[in-house]
Amino acid sequence: GVGAARAGNLTFMVGGVEQEFDAAKELLTCMGSNVVYCGEVGTGQAAKICNNMLLAISMIGTAETMNLGIRF
């Protein structure tokens, strides 16, 4: 989020040619504390989508649990 961006604590999941990743890593570490090479082009996006899906599932479970708790 915005707070993490301002603090330089973003996580980057990067896909692409490894030599190009190595060249860009120094710049990315200025903006984020975690820079992860995921493999070929598109794998960074796939990792990010999986991460977002897990977060959404966790949030849905939390909301359902709170809803159940309110009813009883």
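Start by selecting K25: here helix α2 bends by about 45°. Now widen the selection to residues 18–31, the whole of α2, a helix of 14 residues. From its first C-alpha to its last, α2 reaches 19 Å, close to the 20 Å expected at 1.5 Å a residue.

Before going further, colour the view by confidence, as this is a predicted model. The average pLDDT of the protein is 93, and 100% of the residues score at least 70. Compare two helices while the colours are on: among the elements of the protein, α1 (residues 2–7) has the lowest mean pLDDT, at 86, while α3 (residues 43–71) has the highest, at 95.

Next stop, the nonpolar core. Show the side chains of F12, V14, F21, L28 and V35, which form the largest nonpolar core, with 5 residues. The elements that give two or more residues to this core are β1 (10–15) and α2. Which residues does L28 touch, not counting those up to four places away in sequence? Centre on L28 and you will find F12, V14 and V35. As general background, nonpolar side chains in soluble globular proteins tend to be buried together.

Stay with strand β1 and pick M13, which lies in this strand. Is M13 buried or exposed? Its relative accessibility is 28%, so M13 counts as partly exposed. Now display what surrounds M13: leaving aside neighbours within four places in sequence, M13 is in contact with V36, C38, G44, A47, K48 and N51. Take one of these partners, C38, and draw a distance from M13: the two C-alpha atoms are separated by 6.3 Å, although the residues are 25 apart along the chain.

Follow the chain on to V17, in the loop between β1 and α2. V17 counts as partly exposed because its relative accessibility is 42%. Add Y37 to the selection and draw another C-alpha to C-alpha line: V17 and Y37 are 9.6 Å apart in space and 20 residues apart in sequence.

For the last stop, select residues 1–39. UniProt, in an unreviewed entry, places the feature "domain: 6-phosphogluconate dehydrogenase NADP-binding" at these positions. Colour the span by secondary structure and you will see that residues 1–39 are 51% helix and 36% strand. A final distance, between the end C-alpha atoms of this span, comes to 24 Å.

Technical notes
Residues numbered from 1 in each chain as written. Predicted model: local features only at pLDDT ≥ 70, side-chain atom pairs only at ≥ 80, totals over all residues. Heavy atoms only, no water. UniProt positions renumbered as here; feature names shortened; annotations may be inferred. Helix = DSSP H or I, 4+ residues; strand = E, 2+ residues; numbered from the N terminus. Expected span 1.5 Å × (residues − 1). Bend = angle between axes of the 7 residues up to and from the residue. Core = buried A, V, L, I, M, F, W, Y, C linked by side-chain atoms within 4.5 Å. Buried < 20%, exposed > 50% of the residue type's maximum accessible area, 1.4 Å probe, protein only. Contact = heavy atoms within 4.5 Å. pLDDT = per-residue confidence, 0-100.
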